[in-house]
Amino acid sequence: EHDSQNQQGEKSQELNPDLSVEVPQRSKCFQLHNQYILAQTASGLVILDQQAAHERVLYEHILKLKSKGEISSQRLLFPSLIELGSKYAQDLREILDEVNALGFDIQDFGNDSFVVHAQPAYSNMQIDAEQCIMELLEQKDLEIDLKLELTDRLARQIALNASVKSGQSLSEEEMHDLIDQLFACDQPNYGLRKQKTFKILN
């Protein structure tokens, strides 16, 4: 177990040579204000921002599943209807294949409406499909080309939508799992909004 921890720590050090990443020991951990996770490391204490950390974990997980062709979907017992204005409806039609490739099954229902038959089913995520799609489409007003790095944009939006939120209570096992998953990421140091995911106190 210690050898595995050392190997993981060495991997993180190699990917982040200037940030001295140190994988926490799997010991007692605590949640502070349902926002931060405190855990012991080999030489001190690590403080995780649980929302930023989970966003990073989900984002990288989604992209890895996509690259391996292992995206899965969960059929909805009751399909939901998304009603859009004509502008957003056209935007969604243009990217619908890419959206569905990440686990959604959204079909054009006509009259600028779409039916969601299925949504991504990885990592037991809870996704608000309508909110996720709307927030993605709203980026069109801020970006020159929505198709630029579309898969990356979609993965980010799903991760932001489905992540653990600040204020959400976690069990100790869930906290341990999140710590392990974060330090297995390729880029564990920063969240999707450029904030630090953790800080180590020696």
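Through how many residues does a hairpin join β2 to β3? In this predicted model, the hairpin between β2 and β3 runs through 4 residues. The two strands are antiparallel, and 5 bridges join β2 to β3, the latter spanning residues 45-49. Within this pairing, Y36 has D49 of β3 as its bridge partner.

Strand β2, residues 36-40, also pairs with β1, residues 29-32. The sense is again antiparallel, with 4 bridges between β1 and β2. Here Q31 lies opposite I37 of β2. The hairpin of β1 and β2 has 3 residues between its strands, and H33 adopts a positive phi near 55 degrees in this hairpin.

In a regular strand, side chains alternate between the two faces of the sheet. In β2, I37 and A39 form the covered face, whereas Y36, L38 and Q40 form the uncovered one. The residue opposite Q31, I37, thus belongs to the covered face of β2, while Y36, the partner of D49, belongs to the uncovered face.

Aromatic contacts were searched for over the whole structure, and 1 aromatic pair was found. The pair consists of F183 and F198 and is tilted, with a centre-to-centre distance of 5.0 Å and 50 degrees between the planes. The pair is classed as tilted because the angle is neither under 30 nor over 60 degrees. F183 lies in the loop between α6 (172-182) and β7 (198-201), and F198 in strand β7; the two are 15 residues apart and link distant parts of the chain. Both F183 and F198 are buried.

A further ring contact involves Y59: the charged end of R156 sits over the Y59 ring, 4.8 Å from the ring centre.

How values were computed. Residues are numbered from 1 along each chain as its sequence is written. This is a predicted model: local features need pLDDT of at least 70, side-chain atom pairs count only at pLDDT 80 or more; totals for chains, interfaces and linings use all residues. Side-chain values use heavy atoms; hydrogens and water are left out. Buried means under 20% relative accessible area, exposed over 50%, partly exposed in between (1.4 Å probe, protein chains only). Two strands pair if DSSP finds at least two bridges between them. Rings of Phe, Tyr and Trp (its six-membered ring) pair if their centres lie within 6.5 Å; planes under 30 degrees apart count as stacked, over 60 as edge-to-face and the rest as tilted. A charge sits over a ring if NZ of Lys or CZ of Arg is within 6 Å of the ring centre and within 35 degrees of the ring normal.
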